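Got the model open in your viewer? Let's walk through it stop by stop, with something to select at each one.

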Amino acid sequence: MSNTKTQYKNILVNSLVNLGDVVLTTSAIALLKKAYPKARITMLVRPVVREAVENNPVIDKVLIFDYKAKENSLGKMWSMAKEIRRRKFDLAISFDRKSRPAILCWLAGVPVRVGPDRVFDDKPSKVTWLYTHTVNIAHDLANTLQAETYQEIVRQFAGIDGHEVPVMARIPKTAEKKAEELLAGLPKGRKRIALCVKGTFALKTWPKEYFAVVVRELYKKYHGAFFVVGAPNDREYADEVIAACEKAMGIEPGNQQEKILNFCGRTSLLDLAALFYRSDLLVTVDTGATHIAATTGVKMVTMYGCTSPKRWHPYNDNARVLSYEPECCPCKIGPEDCPSWPKPDCLWQVTPDMVLEKCYELMD
């Protein structure tokens, strides 16, 4: 399947998935831009990830599709299909194998519609019937970096070789200013250490007791200044982790000078990237912020639970990862169904000493 002879001019790519995946797909879009350097590339995404792709060096235009999976959205579907038709794309590439974008591009009459036969799992899907070109992903999904799976779609369709890395949107001055304002609350002249303490679900969230040990030792060794990042609904849990860390550090409740700052819900995606550029170290669970951080080159240590770094390792030479990976990993079960719950092996067997060893390796 080689399509380099056809020089597509107006390309739509879609990824109606979560933040981390959208950031990773930008590596495939960078490869697409090399294959078709004269093409205009538009990306269809959900509103929550908009900032990661607007004003992005590899993306020319962004289309926002705002819908909820369980609502009756036929009107929104038809309206978006008409908008896609109006823009006269000559090629559409799907990175998510979801039915909505496939139906949209079929309704819009995009002449060449490309998608993978597998991308997140091995289950067959009738969605491929809506593609004009189905790319066969032959490699083992669980043991291949997800960004490589996205790039393989482009490599096979365009008939090219090569590898690219994820690309974050350009950081505007407003985000730079916001990051500086937030960091002004930290003690001056210290190592700035960022913490991301809560995953999107319980089997990705490293124990708060373990965070307390790591923060205590980093505080002793580097006299670090700490802050926590995350989504608005992470704020309450982050306060609990902060309380445990400050107790372990021996910080009195009224000591504002040494207090760990909670930035959860106070940053946009671009503010977050600007913070990582200004950090000396990030200690994080596997989450979307991990992949944003990776684009900045910050030194980072990521602890994996029910997911595997074989698939989700950050694209960053300064990244170190830790995973216990029992036989049941990776898994998609609820925490109560985990045989070792409430102390799941995949998380509790990744110890503070293991994390500290990686931190020291990076910091020293």
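Start by selecting Cys105: at 3% relative accessibility, this cysteine counts as buried. Keep in mind along the way that you're looking at a predicted model.

**Stop 1: the helix around Cys105**

Widen the selection to helix α4, residues 99-108. Cys105 is one of the buried residues there, alongside Arg100, Pro101, Ala102, Leu104 and Ala108. What do the buried residues of α4 pack against? Show strands β1 (10-14), β2 (40-45), β4 (91-94) and β5 (113-116), plus helix α3 (74-87), and you have the set. Now step just past the end of α4 to Gly109, which takes a positive phi of about 75 degrees.

**Stop 2: another cysteine**

Jump to Cys245, which is buried at 1% relative accessibility. Where is the closest cysteine sulfur? That sulfur belongs to Cys264, and at 12 Å from the sulfur of Cys245 it is too far for a bond. The cut-off for a disulfide is 2.5 Å between sulfurs, and the count for this model comes to 0 disulfides.

**Stop 3: the sheet with β1 in it**

Go back to β1 and color the strands around it. You should find an open sheet of 6 strands with parallel pairing, in the order β3-β2-β1-β4-β5-β6. The edges are β3 (61-64) and β6 (133-135), each of which pairs on one side only. Turn the view to look across the strands: neighbours in this sheet are rotated by 20 degrees against each other on average, ignoring direction.

For a close-up, pick β4 and β5, which run parallel and are joined by 2 bridges. Select Ile93 and you'll find Val114 of β5 standing opposite.

Next, bring in the helices. Helix α1 (residues 19-35) packs on this sheet and touches β1, β2 and β4, with its direction at about 160 degrees to that of β2. Helix α3 lies across β1, β2 and β3, and runs at about 160 degrees to β3.

**Stop 4: charged pairs**

Stay on α3 and show the side chains of Glu83 and Arg87. They meet in a salt bridge, 2.7 Å from N to O. Both sit in α3, 4 residues apart, or about one turn of the helix. An α-helix has 3.6 residues a turn, so residues three or four places apart point the same way. Are these two buried, exposed or partly exposed? Arg87 is partly exposed at 23%, and Glu83 is partly exposed too, at 21%.

Now select Arg118 and Asp122, another salt bridge, at 2.3 Å from N to O. Here Arg118 is buried at 15% relative accessibility, whereas Asp122 is exposed at 55%.

For a third pair, select Lys204 and Asp286, whose side chains meet in a salt bridge at 3.8 Å, N to O. This pair links distant parts of the chain, 82 residues apart: Lys204 is in the loop between β7 and α7 (208-222), and Asp286 is in the loop between β10 and α10. Lys204 is buried at 11%, and Asp286 is buried at 4%. Then add Arg86 to your view of α3: salt bridges that share partners join Glu83, Arg86 and Arg87 into one network. Across the model, the count comes to 20 salt bridges.

**Stop 5: the sheet with β7 in it**

Select β7 and color outward from there. This is an open sheet of 6 strands, again with parallel pairing, in the order β9-β8-β7-β10-β11-β12. Which strands stand at the edges? They are β9 (261-262) and β12 (319-323); each has a single partner strand, so one side of each is left without a neighbour in the sheet.

Zoom in on β7 (residues 192-196) and β8 (residues 225-228), which pair in the parallel sense over 4 bridges. Click Arg192, and its bridge partner in β8 is Ala225. Then show helix α10 (residues 288-296), which packs on the sheet and touches β7, β10 (281-285) and β11 (300-304); its direction makes about 155 degrees with that of β11.

**Last stop: Asn262**

Finish in strand β9, at Asn262. At 7% relative accessibility, Asn262 is buried. Leaving out residues up to four places away in sequence, Asn262 touches Val228, Arg235, Ala238, Asp239 and Ile242. Finally, look from the side chain of Asn262 to Cys264: a polar atom of that side chain lies 3.0 Å from the backbone nitrogen of Cys264.

Technical notes. Residues are numbered from 1 along each chain as its sequence is written. This is a predicted model: local features need pLDDT of at least 70, side-chain atom pairs count only at pLDDT 80 or more; totals for chains, interfaces and linings use all residues. Side-chain values use heavy atoms; hydrogens and water are left out. Two strands pair if DSSP finds at least two bridges between them. Contact means heavy atoms within 4.5 Å. Axes are lines fitted to C-alpha atoms, for helices over the stretch in contact, and angles run from 0 to 180 degrees between N-to-C directions. Buried means under 20% relative accessible area, exposed over 50%, partly exposed in between (1.4 Å probe, protein chains only). A polar contact is a pair of N or O atoms within 3.5 Å; within protein, one must be able to donate a hydrogen and the other to accept it, and residues adjacent in sequence count only if both atoms are side-chain atoms. A salt bridge is a side-chain nitrogen of Lys or Arg within 4 Å of a carboxyl oxygen of Asp or Glu.
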